[in-house]
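I opened the model to look up the sheet, one helix that packs on it, and some charged pairs. My notes follow.

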Amino acid sequence: TMDPGLGRLGHIVYGGIETLLARALTDKLICVSEDEYRHALGLGMPAEKLSVVVNGAAPPPADMADKVRTRFGIAADAFVFGFIGRLSAQKAPLRLVEAFRMLAEKRPDAHLLMIGSGELEDDVKAAIARSGLSNRMHLSKDFTGPQAVTAFDLLVMPSLYEAMSYVMLEGAAAGKPILCTAFGGATTVIEDGRNGRIIANDGDIAKLADAMLDCATPERHALLKAEAERLSSRFSLEAMLDLTESLYLRLAGRAPRATLDET
């Protein structure tokens, strides 16, 4: 029901089912972001049954950045815009291809590295071929997201909607600045203007291209990167596991090692 394309009828039907399950058959419901928590309240789910435990991500594997860049012939000093995700309408990969095409002349040192597959794969490949920038736009599924993100300078997420994206968490855990559209969970991870940027989710590709250019300027990127690295431990896998275990212990009537209120 966080999908804006679901429609009024779908929202009523699925929202009703979710709310019925929460009220009648659930002792506790874990929301993975504050945005999802507010959405659940908006559907009519009782606040006393809701808890927020933000998803966590393990740190990325070491020493992968050079391997990934070498695989695609990307120089060590090139600027890499990165995308990880399913190639679907929800993730809007075609927006990103067009945005990179629009900015490519202004940043001749830049590359776009896209990791993923899906129903739009052929469309994305065709758009890259039409752009004439096949030597600077790379689409692959040879690496996992955590492996590839180490090679990025900026993670770009133009999604239409999310609840709490693991890609965003993996980018944050890797200490990478993130540029995304305003979707669920974005404000949980990104402090706009500090460790990344959040732009309006209005489909304006020129606005996306301008934001990508802005984040890639040396001065701005240095500030974003420093803050992203400083905050990288905030969304660790260990923190998520500890909070989830504490919630289970509380429900079982045993004293948890830490309470959700202490975090």
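I began with the charged pairs, keeping in mind that this is a predicted model. D214 comes out at 25% relative accessibility, so I put it down as partly exposed. Its salt-bridge partner is R197, with the closest N and O atoms 3.3 Å apart. R197 sits in strand β8 and D214 in helix α9, 17 residues apart, so I noted a link between distant parts of the chain. R197 has a relative accessible area of 23% and is also partly exposed, because the buried class ends at 20%.

I then looked for salt bridges that share partners. E191, R194, E227 and R230 are joined by such bridges into one network. The full count of salt bridges is 14.

Next I checked two pairs that involve the loop between β5 and α6. D142 and R71 meet through their side chains at 2.7 Å, N to O. D142 is in that loop and R71 in helix α3 (residues 65-71), 71 residues apart. I recorded 48% relative accessibility for D142, partly exposed, and 45% for R71, partly exposed as well.

K141 forms a salt bridge with E121 at 3.5 Å between the closest N and O atoms. K141 lies in the loop and E121 in helix α5 (residues 121-131), so this pair ties together parts 20 residues apart in sequence. K141 counts as exposed at 55%, while E121 counts as buried at 13%.

I moved on to the sheet. What is the order of the strands in the open sheet of 6 strands? I read it as β5-β4-β3-β6-β7-β8, with parallel pairing. β5 (137-140) and β8 (196-199) are at the edges with a single partner strand each, so one side of each has no neighbour in the sheet. Neighbouring strands are turned by 20 degrees against each other on average, direction ignored. For one pair I looked closer: β6 (residues 154-157) and β7 (residues 178-181) run parallel and are joined by 3 bridges. V156 has L179 in β7 as its bridge partner.

Last, I went back to helix α9 (residues 205-216), which lies across β3, β6, β7 and β8 at about 165 degrees to β8. Its 12 residues should span 16 Å at 1.5 Å a residue, and the end C-alpha atoms are 17 Å apart, which agrees. At its start, a side-chain oxygen of D204 comes to within 3.1 Å of the backbone nitrogen of A206. I listed the buried residues of α9 as L208, A209, A211, M212, L213, C215 and A216. These pack against β3, α4 (93-103), β6, β7, β8 and α10 (218-230).

Conventions
Residues numbered from 1 in each chain as written. Predicted model: local features only at pLDDT ≥ 70, side-chain atom pairs only at ≥ 80, totals over all residues. Heavy atoms only, no water. Pairing = 2+ DSSP bridges. Helix = DSSP H or I, 4+ residues; strand = E, 2+ residues; numbered from the N terminus. Axes fitted to C-alpha atoms, helices over the stretch in contact; angles between N-to-C directions. Contact = heavy atoms within 4.5 Å. Expected span 1.5 Å × (residues − 1). Buried < 20%, exposed > 50% of the residue type's maximum accessible area, 1.4 Å probe, protein only. Polar contact = N/O pair within 3.5 Å; in protein donor to acceptor, adjacent residues only side chain to side chain. Salt bridge = Lys/Arg side-chain N within 4 Å of Asp/Glu carboxyl O.
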